[in-house]
Amino acid sequence: RMVYVGAAVPIFIAVGLIYFGIKEPKIQSLKSRKGFPIKRADVKQLGSHFWYYMFVVFVFMCSRYSESFLVYRAQDLGLNVKYAPLVLAMMYLFNSPTSRIVGNWSDKHDRKLFLAFGFCMMLASCIILALATSYWMVLVGAAVYGIHYGATQGTFYAMVSDYSPPQIKGTSIGIFNLVCCCGMCISNILTGEFWTRYGSEWTFIVISAISFIAAIAMMFVKKP
């Protein structure tokens, strides 16, 4: 209980910083938009290249499992439950600098190359986790998973923004999040089912295959 109480403190600080410390730029209000938030005209404005990109994102999200499965894999190989947060700490330790570096580079080069790189890192982490014989190897797999996350998450949003006309950027980001949620819901249900029926090794092998397919498909995404 004390852990959750302590975790609430930085949330209050963050809310205060957002409310008192951040000034939003003025945006054009679209008061004429009523009814269902996604309009047929929006779909036409976003274009076919955006929707193919959404398809690739959906395929990849069908391979992105919850970080909880990293912890389960480490526990399967003997990690004491009180050290389980170390797995997630390792992931975020590599996630943060990767996000910063890739974000900088993707502003200068083709973003889809960095997304394909992130997909391949997902594939590599799955292979490491499938072949792991000790929880130390799981920590390595978690680190590579963190690299994948840092390389993809910000770049996903940047490409969505690149594709979107200014007046419907919020709508396009909402569509992106909807696609991600649907894909991850499918992924986590199937990952749990595969894990129960066939074991963790085969589960990670199947996930790596989906990541590979997504990486190939990403190379056919057209530039915004």
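**A patch, a helix pair and a salt bridge**

On the surface of this predicted model, a nonpolar patch is formed by Leu113, Phe212, Ile213, Ile216, Met219 and Phe220, which together have about 610 Å² of accessible area. Helix H8 contributes the largest share of this nonpolar patch, namely three residues, and Ile213 is one of the patch residues that has its place in helix H8.

To see where helix H8 belongs, it helps to step back to the whole chain. The chain has eight helices and zero strands, and a reader who follows the sequence meets the pattern α-α-α-α-α-α-α-α. Taken along the principal axes, the C-alpha atoms of the chain fill a box of roughly 60 × 45 × 35 Å.

Helix H8 covers residues 200-218, and helix H7, which covers residues 169-198, packs against helix H8 with the two axes 7 Å apart and at an angle of about 140°. Angles over 145 degrees would count as roughly antiparallel, while those from 65 to 115 count as roughly perpendicular, and H7 and H8 are therefore oblique to each other. On the H7 side of the contact stand Thr191, Phe194, Trp195 and Tyr198, and these meet Ser200, Trp202, Thr203, Phe204, Val206 and Ile207 of H8. Sorted by character, the residues of this contact between H7 and H8 comprise seven nonpolar and three polar ones, with no charged residue among them.

Charged residues come into view when we turn to another part of helix H8. Side chains of opposite charge can pair when their charged atoms come close. In this model the count comes to three salt bridges, and one in which helix H8 takes part joins the side chains of Arg73 and Glu201, with a distance of 3.8 Å from N to O. Since a salt bridge requires the nitrogen and the carboxyl oxygen to lie within 4 Å, this pair qualifies at 3.8 Å. The pair links distant parts of the chain, with Arg73 in helix H3 (residues 68-76) and Glu201 in helix H8, 128 residues apart.

Technical notes: Residues numbered from 1 in each chain as written. Predicted model: local features only at pLDDT ≥ 70, side-chain atom pairs only at ≥ 80, totals over all residues. Heavy atoms only, no water. Axes fitted to C-alpha atoms, helices over the stretch in contact; angles between N-to-C directions. Helix = DSSP H or I, 4+ residues; strand = E, 2+ residues; numbered from the N terminus. Parallel < 35°, antiparallel > 145°, perpendicular 65-115°, else oblique. Contact = heavy atoms within 4.5 Å. Nonpolar A, V, L, I, M, F, W, Y, C, P; charged D, E, K, R; others polar. Patch = residues over 30% accessible without salt bridge, like charges linked within 9 Å, V, L, I, M, F, W, Y side chains within 5 Å. Areas by Shrake-Rupley, 256 points an atom, 1.4 Å probe, with all protein chains shown as cover.
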